[in-house]
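Colleague: Got a minute to go through this one with me? Please put it on the screen.

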Amino acid sequence: MSLTATYRLGTRLFWRDKSMLFASVITPVGLAVGMPVLMKQVLGASSATPIFQSSISLLLAITAFMNVAVALTARRDQLILKRLRASRLTDGQILIGQIAGTATQTVVLIVLCTVAVRFVAGVPLPADPLGFAAVIVAGSAVLSLLGAAYTAAIPRFELVAAFTMPVFLVAGVSAGAMGPIPLPSWLRPVLDLLPTTAVVNAVKTGDLAVPALVLAAWTLLGLVAIRLWFRWEPRRS
């Protein structure tokens, strides 16, 4: 089995799992497309664009972060990761295959949502398609990496939802995907350092420099966390 094979295996298992499809595809796509349509009907077409841009944080939090956390925690507890380590695959190939597959699915969904809201809510396409593509690919990869690292904090599969839900809520609130929620003034600079907020800010402003630095810092943090704390087997206690 090669890296390509692990990539295809993770992707195939994802699309065959109906419960995973509802949580990781239907729900975030419904939010990302439905909220701009609702805003267009209530407040006009100009309100649809910022809410869609903010909802990209939800797609990243659910389809990338939560999806990879669920998949790796389940395979860890089912001892699938342990068996894969006994094969010819290296640890890096096992994780990269899963992370790359999840990131690819996230990018595809964001692109499809971007096209969909263009037609149903009048949201204009990105003015800088290359910059938009770069930040979406980078954001999807970083959130997938962080989701893999986060599995070290999840005791067992039954607790995945409880442990990942706060991440979803913080990502949505910080990026404005849940509407204008009053926040303390000191909290705004902190929330801007989140990877999901960095991606949304890049999409909204077109400024890629600061978001690139933020994503690079989170990438380094994720790699260190995986190196130090990633667990390939369930806890025995």
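Colleague: How far apart are the end C-alpha atoms of residues 95-120, and how much of the span is helix or strand?
Modeller: The end C-alpha atoms are 37 Å apart, and residues 95-120 are 100% helix and 0% strand. Before we go on, this is a predicted model with residues numbered from 1 along each chain as its sequence is written, and side-chain values use heavy atoms, without hydrogens and water. Local features need pLDDT of at least 70 and side-chain atom pairs count only at pLDDT 80 or more, while totals for chains, interfaces and linings use all residues.

Colleague: Which residues does the UniProt annotation "transmembrane region" cover?
Modeller: In the unreviewed UniProt entry, the annotation covers residues 20-39, 51-74, 95-120, 132-152, 159-181 and 208-230. UniProt positions are in the numbering used here, feature names are shortened, and annotations may be inferred rather than shown by experiment.

Colleague: And what about residues 51-74, how far apart are the end C-alpha atoms there?
Modeller: 33 Å, and that span is also listed as 100% helix and 0% strand.

Colleague: Where is Leu-95 found?
Modeller: Leu-95 belongs to helix H5, residues 91-120. Helices (H or I, at least four residues) and strands (E, at least two) are DSSP runs, numbered from the N terminus.

Colleague: Is Leu-95 buried or exposed?
Modeller: Buried, because its relative accessible area is 8% and the cut-off is under 20% (exposed is over 50%, partly exposed in between, with a 1.4 Å probe and protein chains only).

Colleague: What does Leu-95 touch, leaving out residues up to four places away in sequence?
Modeller: Leu-72, Ile-226, Phe-230 and Trp-232, where contact means heavy atoms within 4.5 Å. The C-alpha atoms of Leu-95 and Ala-225 are 13 Å apart, with these positions 130 residues apart along the chain.

Colleague: Aromatics next. How many aromatic pairs are there?
Modeller: The count is 2 aromatic pairs. In the pair of Phe-65 and Tyr-150, the ring centres lie 5.2 Å apart with the planes at 50°, so the pair is tilted. Phe-65 is in helix H3 (residues 48-77) and Tyr-150 in helix H6 (residues 129-150), so this pair links distant parts of the chain, 85 residues apart. The other pair is Phe-230 and Trp-232, edge-to-face because the planes are at 75°, with centres 4.9 Å apart.

Colleague: What is the rule for a pair?
Modeller: Rings of Phe, Tyr and Trp (its six-membered ring) pair if their centres lie within 6.5 Å; planes under 30 degrees apart count as stacked, over 60 as edge-to-face and the rest as tilted.

Colleague: Are Phe-230 and Trp-232 buried or exposed?
Modeller: Both are buried. In the tilted pair, Phe-65 is buried at 6% relative accessibility, whereas Tyr-150 is partly exposed at 25%.

Colleague: Staying in H3, which residues is Thr-63 in contact with, beyond its neighbours within four places?
Modeller: Ser-24, Pro-28, Leu-58, Thr-102, Gln-105, Thr-106 and Leu-109. Thr-63 is buried, at a relative accessible area of 0%.

Colleague: Why is helix H9 described as largely enclosed?
Modeller: Because 8 of the 11 residues of H9 (residues 195-205) are buried. The cover for the buried residues includes H3, H6, helix H7 (160-175), helix H8 (187-191) and helix H10 (209-229). After H9 comes Gly-206, with a positive phi near 85°.

Colleague: Now charges. How many salt bridges are there?
Modeller: The count is 5 salt bridges, each being a side-chain nitrogen of Lys or Arg within 4 Å of a carboxyl oxygen of Asp or Glu. Among them, Asp-91 pairs with Arg-85 at 2.8 Å, N to O, and Asp-192 pairs with Arg-188, with the closest N and O atoms 3.3 Å apart.

Colleague: How far apart are the closest N and O atoms of Arg-156 and Glu-158?
Modeller: 3.8 Å, in a salt bridge. Arg-156 is partly exposed at 45% relative accessibility, whereas Glu-158 is exposed at 60%.

Colleague: And the Asp-91 bridge, is Asp-91 buried or partly exposed?
Modeller: Partly exposed, at a relative accessible area of 31%. Arg-85 is partly exposed too, at 38%.
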